[in-house]
Amino acid sequence: QLLQDRSYRTVPDSLRDIPGVLVQKTSHGQGSPYIRGFTGFRNVYLIDGIRLNNSVFRDGPNQYLNTVDPYSLDHIEIIQGSSSVLYGSDAIGGVVSMFTTEPFAYGGSDSTLFAGRTLFRYASGENSYIGRVTLSAGIDDKIGLVIGGTLKDFGNVEAGKPIDIQRNTGYGEYDADFKLEYFINEQSRLVVAHQIVRQNNVPRTHKTVFSKSFHGTTVGSELRRDLDQERELTYVQFFNTNEDSPLLHSTKLSLSWQRQAETRDRVRTGNRRDIQGFEVGTLGITAQMESEDSAIGQFTYGVEYYHDNVNSFSTKNPIQGPVADDASYDLFGLYLQDELAINKRISLIVGGRFDYARADAGSVQDPVTGNRISISDSWSSFVGNTRLSFQAVPDHLNLYAGVSQGFRAPNLSDLTRLDSARTNEIETPAPGLDPEHFITYETGFKARGAAWSATSSYFYAVISDMIIRVPTVKVIGTENALTNLNAGDVLIQ
């Protein structure tokens with residue numbers, strides 16, 4: 001309801017109202033949440049349970065969460081803290097789980113029902129227009145359909161004095177989505193869905209001459225730096241509930257294909273133009289089951305596999321684009337978690353997960369010689385978690401404490417990125433990296449009354465072998481070269 005009432009411009013904008021979540025925005029088209037001190041690829045983003053994350057997600061804030069249309073969503077859930085047991089590699093700071101709109105026009109027996117929704121948003125401070133139309137149809141109690149489309153036109157931001165109009169801050173976008181539900185019987189349901197997002201000429205204004213200095217910030221020197229973002233997701237999911245099966249009380253199977261593409265068009269002084277980008281196709285196969293609640297607890301268990309195919313290009317470099325060309329990345333996970341009621345007030349959660357990751361990069365520029373090389377490596381890890389909850393005042397006050405491990409394998413961005421970093425810096429490939437390991441201790445309480453709720457938590461996270469960018473003595477063009485090393489031993493509390 002809040003997503004509709006507040007008409008958030010983007011998904012990152014919607015997260016800024018959640019306590020404990022901060023949002024960094026480079027522009028309207030680029031926003032990244034910080035959860036428990038982490039952003040970028042150390043948070044996991046899910047769409048209907050399918051990973052938005054892929055192997056080219058980069059360190060630091062990135063723009064990919066903005067490729068989800070907030071007007072296609074029914075609700076968003078935020079899980080703060082390490083969640084690697086259930087959600088795998090990258091679930092270090094937290095998980096942003098987004099759920100798309102379900103068909104809402106189901107008819108009764110032997111009937112057909114149609115319904116629709118429209119939304120229009122205008123903002124004078126940025127001269128922007130957003131229009132959304134959603135149509136739904138239901139046939140009997142068996143078939144439900146929802147189709148939606150969103151058009152967005154963001155103009156230039158108008159700030160207060162002395163900034164005034166901020167040129168080169170607007171862009172255009174269109175989104176479309178489709179979902180079909182078929183109830184096989186009272187226990188089983190099949191869902192087919194497709195989503196399309198297109199963003200055109202999203203500017204990184206601060207890198208250009210159109211930026212304006214604010215409290216001493218440096219104005220950019222480039223004449224143009226625009227991004228085209230594309231994302232498509234198609235999936236088939238099967239849901240089943242079986243009251244007669246203790247181990248397969250509920251089942252969710254998912255098969256997905258997601259395509260994400262990015263093209264950067266840059267024009268520097270002297271009309272020097274270069275274009276670079278990548279395309280990632282991701283196959284996802286997941287299965288998650290839950291047992292019925294019993295004397296030994298309620299088990300959640302499953303398996304997931306994601307495979308990325310990556311193509312990358314640059315008009316300046318025949319070897320690779322911003323990441324390796326002709327590359328692939330595999331991520332496999334197997335997990336089990338048990339929630340056990342020790343008595344009426346005390347419950348215990350214990351879980352474990354095995355992860356395996358493999359990177360194969362066929363075309364990478366050697367950071368030393370500049371020649372073409374290939375990189376192949378693999379990593380595996382086992383992580384666990386445990387959490388104890390006590391109902392001090394049933395339905396009103398819960399106390400909890402827990403410890404959880406996390407694991408993040410190096411991705412293709414860590415290993416092969418050759419791209420601009422901060423001002424006058426360029427990141428270069430870094431073969432031979434090891435995984436990052438995390439352990440988080442947490443305690444706190446959750447309380448609620450008739451018209452209020454409150455939470456408080458204290459966490460202490462220990463990170464070893466964190467992958468961080470460090471300077472080298474090399475200069476590429478006019479930019480200082482950086483490389484990645486497992487050089488970070490970090491405490492966050």
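Q: Which residue in E15 stands opposite arginine 231?
A: Glutamine 260 in E15 stands opposite arginine 231. This is a predicted model, in which local features need pLDDT of at least 70 and side-chain atom pairs count only at pLDDT 80 or more, while totals for chains, interfaces and linings use all residues. Residues are numbered from 1 along each chain as its sequence is written, and side-chain values use heavy atoms, with hydrogens and water left out.

Q: Why are strands E14 and E15 said to pair?
A: Two strands pair if DSSP finds at least two bridges between them. A strand is a DSSP run of E of at least two residues, numbered from the N terminus. E14 (residues 224–241) and E15 (residues 250–268) have 18 bridges in the antiparallel sense, so they pair.

Q: What makes E15 and E16 a pair?
A: E15 and E16 (residues 272–290) are joined in the antiparallel sense over 19 bridges, so the requirement is met. In E16, glutamine 276 is the bridge partner of arginine 264. Their hairpin has three residues between the strands, and glycine 270 takes a positive phi near 80° there.

Q: Why is aspartate 48 called buried?
A: Buried means under 20% relative accessible area, exposed over 50%, and partly exposed in between (1.4 Å probe, protein chains only). Aspartate 48 has 6%, so it is buried. This residue lies in the loop between E3 (43–47) and E4 (50–51) and has a positive phi of about 50° although it is not a glycine.

Q: Why is aspartate 140 called partly exposed?
A: The relative accessible area of aspartate 140 is 25%, which falls in between the two limits, so it is partly exposed. Aspartate 140 has a positive phi near 55°.

How values were computed:
Helices (H or I, at least four residues) and strands (E, at least two) are DSSP runs, numbered from the N terminus.
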